[in-house]
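Dear colleague,

I am passing on the structure we spoke about, together with some notes on what was found in it. Please have it open while you read, as the notes move from single residues to the sheets and then to the chain as a whole.

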Protein chains: 2
Amino acid sequence: MKRVGLVLTGLGRVGTRFFELVGRRSEEVGRTFGLDLRLMAAAKSDGTFFTGSPLARKEIFRNGDLWTVDNPAWRPGLSVGSLFRSLEPGCLVECGPSDHRTGEPGLELISAALSGGWNVTVASKGALVVAYRKLVELASRHNVRLKFSAAAGAALPALDVGTVALAGTQITVVEGILNGTTNFILTKMAAGKTYVDALKEAQAKGIAEPDPSDDVKGWDTASKILILANACLGTDLHLEDVSVDGITGVSTAAIKAALAKGEKLKLLGLCSQRPGGGWETSVRVASLPDTHPLHHIEEAEKAVTFTTVEMGTVTVSGGRSNPLGAAAALLKDIINIYR
Amino acid sequence: MKRVGLVLTGLGRVGTRFFELVGRRSEEVGRTFGLDLRLMAAAKSDGTFFTGSPLARKEIFRNGDLWTVDNPAWRPGLSVGSLFRSLEPGCLVECGPSDHRTGEPGLELISAALSGGWNVTVASKGALVVAYRKLVELASRHNVRLKFSAAAGAALPALDVGTVALAGTQITVVEGILNGTTNFILTKMAAGKTYVDALKEAQAKGIAEPDPSDDVKGWDTASKILILANACLGTDLHLEDVSVDGITGVSTAAIKAALAKGEKLKLLGLCSQRPGGGWETSVRVASLPDTHPLHHIEEAEKAVTFTTVEMGTVTVSGGRSNPLGAAAALLKDIINIYR
């Protein structure tokens, strides 16, 4: 049995689900993969749950809420940075928020972990969008692994397909429906709803955020296609390299015109090889015929299609877009680092 | 640069394509993955191409054909078994035929390689169908890896998704359209052709074999769902555990009745968890509504859907079903063993 110490940062919805999932699946993970996962610390921005021993659920939660008052396991002000130095290196599970312009606070945290000899798996996109190549090089220099399945599709295994399943092939195009909210809205508009009503329904169902602008303006898709391209195609793209358009300008008339031709409008993140070399990266609404593998992806589902020289096209679709799906993607990354 | 010696067995369509592919992609594989792939031997049933140095194309082929007469690199009667002992251990690339009842000659060859400390990637199904668990245990005992992407879907990355992308999740159902010939025939029948005409078209296009019985009676699908289940679910299934039905009994009337309901008939390989424990494995024609992720898989395309507790359903589709696709799957396995 290989002992793997985990440090979890961020105790929001994904982090909390991850904590629960490790508790529920650790026995099976031990039996199947020979890994003894031990959650050694769980950090928020203002302190860390830490006892020196693996944390039990009851040391962090009381009545379903985080328990920080009069809890001997709660160490206000303790930063995980010090733990990277004092604990035996294991894996950082980064579930905190991160800014898409600066990558912080995730970027500093991930850099510190990698430099300290820790493997890392990341759920939020900011640090990767800002400094993907720098982080990969840091990991390589310190002979550790950086994984980020949860940041580029959560339970949709876009990265595993692009980097593992297609290893050694020549990928010429990566295109995906990478945002559930916009696909849900376009699906409902195709069924006759207005944009405003479709958005309201998405919000009522918890699919769309109260402020949906990051999704509907295409920036969430832009971050994901950028991460996918950098990981699967070896590019070094930044957000300013992506031509970004959203769905706010899509009219019911345009959707009807597409349907009349047997096509559907979808918001695609797209990175394709230019004939003369280099890559063209965009987020835009495209009209897809029913022969296109992404034509049938409906509601809040996501999918990505890779076009390759040797294997033809390969499409992967599905995977839950909720915190449990993201938590399972983090656990999967850890298993694949250590198995 | 990590040096990886390869021994290729079987110089049929897949083996020949693999030889060419390694030549064409080796520089890129070196640059991207730091692997120096060296094809040290290429064997047929009656002898082996072997010089002691990495083989060049011109040492094996002359005018596009295998060159065995007056070729100093051709060693009649030389068996690869002796090479497993004399060469530095690398990876066996097994592309020979293998019998579905005995697993031979692949089974003996793979066993010898694993026992000799060689990693193995396999393109044919026989040995895996007969002795999956035994081979996995042999690999484990000798601390080497056994991979077989090409045997369970060729370029369709069913195994990578089931074993890597879903690692740590609880998979409850694996179901797939795993045979291109039968899906092509059912698609053409849905468009109005008779079974006989659809089969003839599949044969004319090189999709179906001259003797299609292994496909149309469901045995090819049975072998593949068995390999997938054993690899992804931890089962130890054998062919006699699979209830097998093919498409020869499917009538045009049944297809029309399904279409009238908005459904399509598909030949599914299916392995699902029984409520009381254990697994139910079958090959059968199922009528799929358009909400089913496999409903839209048409013509000779293949796809597999995994249902999981944590990630919901994940479907992977596509991947070329030709010798180049299989060769690329073998190369991918090698990269993933050594990267």
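I begin with a residue in chain B: Val136(B) has its place in helix α4, which covers residues 126-141 of that chain. With a relative accessibility of 26%, Val136(B) counts as partly exposed, and its C-alpha atom lies 31 Å from that of Pro212(B), a residue 76 places away in sequence. Please bear in mind throughout that this is a predicted model, and that the values below are computed from it.

A second residue of chain B gives a contrasting picture. Ala222(B) belongs to helix α9, residues 219-233, and at 0% relative accessibility it counts as buried. Which residues does Ala222(B) touch, once those up to four places away in sequence are set aside? They are Leu239(B), Val242(B), Val244(B) and Val283(B). The C-alpha atoms of Ala222(B) and Pro105(B), by comparison, are separated by 21 Å, with their positions 117 residues apart along the chain.

Chain B also holds an open sheet of 7 strands with mixed pairing, in the order β6-β3-β2-β1-β7-β8-β9. Its edges are formed by β6 (74-76) and β9 (146-147) of chain B, each of which has a single partner strand, so one side of each is left without a neighbour in the sheet. Within this sheet, strand β1 (residues 2-9) of chain B has 6 of its 8 residues buried, so it is largely enclosed by the rest of the structure. Strand β1(B) runs parallel to β2 (residues 35-44) of chain B, to which 8 bridges join it, and Thr9(B) stands opposite Ala43(B) in β2(B).

Further along the order, strand β7 (residues 91-94) of chain B pairs with β8(B) in the parallel sense over 4 bridges, and Glu94(B) has Val122(B) as its bridge partner in β8(B). On its way to the edge, β8(B) is joined by 2 bridges to β9(B), again running parallel, with Leu146(B) in β9(B) as the bridge partner of Val120(B). In a regular strand the side chains alternate between the two faces of the sheet. In β8 (residues 119-122) of chain B, Asn119(B) and Thr121(B) point one way while Val120(B) and Val122(B) point the other way, and all are buried.

The other sheet to look at involves both chains. It is an open sheet of 12 strands with mixed pairing, in the order β11(A)-β13(A)-β12(A)-β10(A)-β14(A)-β15(A)-β15(B)-β14(B)-β10(B)-β12(B)-β13(B)-β11(B). The strands at its edges are β11 (243-244) of chain A and β11 (243-244) of chain B, each with a single partner strand, so one side of each is left without a neighbour in the sheet. At the chain A end, β11(A) pairs with β13 (residues 279-288) of chain A in the parallel sense over 2 bridges, and Val244(A) stands opposite Val283(A) in β13(A).

In chain A, helix α6 (residues 180-190) deserves a look, since 10 of its 11 residues are buried, so it is largely enclosed by the rest of the structure. Which elements cover the buried residues of α6(A)? The cover includes β10 (171-177), α7, α8 (213-216), α10 (252-260) and β12 (264-273) of chain A. Among the buried residues of α6(A) are Phe184(A) and Lys188(A), and both are in contact with Glu201(A), as is Lys193(A), when neighbours of Glu201(A) within four places in sequence are left aside. Glu201(A) is found in helix α7, residues 195-204 of chain A, and is itself buried, with a relative accessible area of 16%.

Finally, some values for chain A as a whole, which has 11 helices and 15 strands. Its radius of gyration is 21 Å, close to the 20 Å that the globule rule gives for 339 residues, so chain A is as compact as a globular protein of that length. Of its 339 residues, 59% count as buried, and among contacts between residues at least 6 apart in sequence, 70% join residues at least 24 apart. Chain A exposes about 13,600 Å², of which carbon and sulfur atoms supply 49%, and the mean positions of its 37 positive and 35 negative charges are 4 Å apart.

With best regards

Terms used
Residues numbered from 1 in each chain as written. Chains lettered and ligands numbered in written order. Predicted model: local features only at pLDDT ≥ 70, side-chain atom pairs only at ≥ 80, totals over all residues. Heavy atoms only, no water. Rg over C-alpha atoms; globule rule 2.2 N^0.38 Å. Buried < 20%, exposed > 50% of the residue type's maximum accessible area, 1.4 Å probe, protein only. Contact = heavy atoms within 4.5 Å. Areas by Shrake-Rupley, 256 points an atom, 1.4 Å probe, with all protein chains shown as cover. Lys, Arg positive; Asp, Glu negative; His and termini not counted. Charge placed at Lys NZ, Arg CZ, Asp CG, Glu CD. Pairing = 2+ DSSP bridges.
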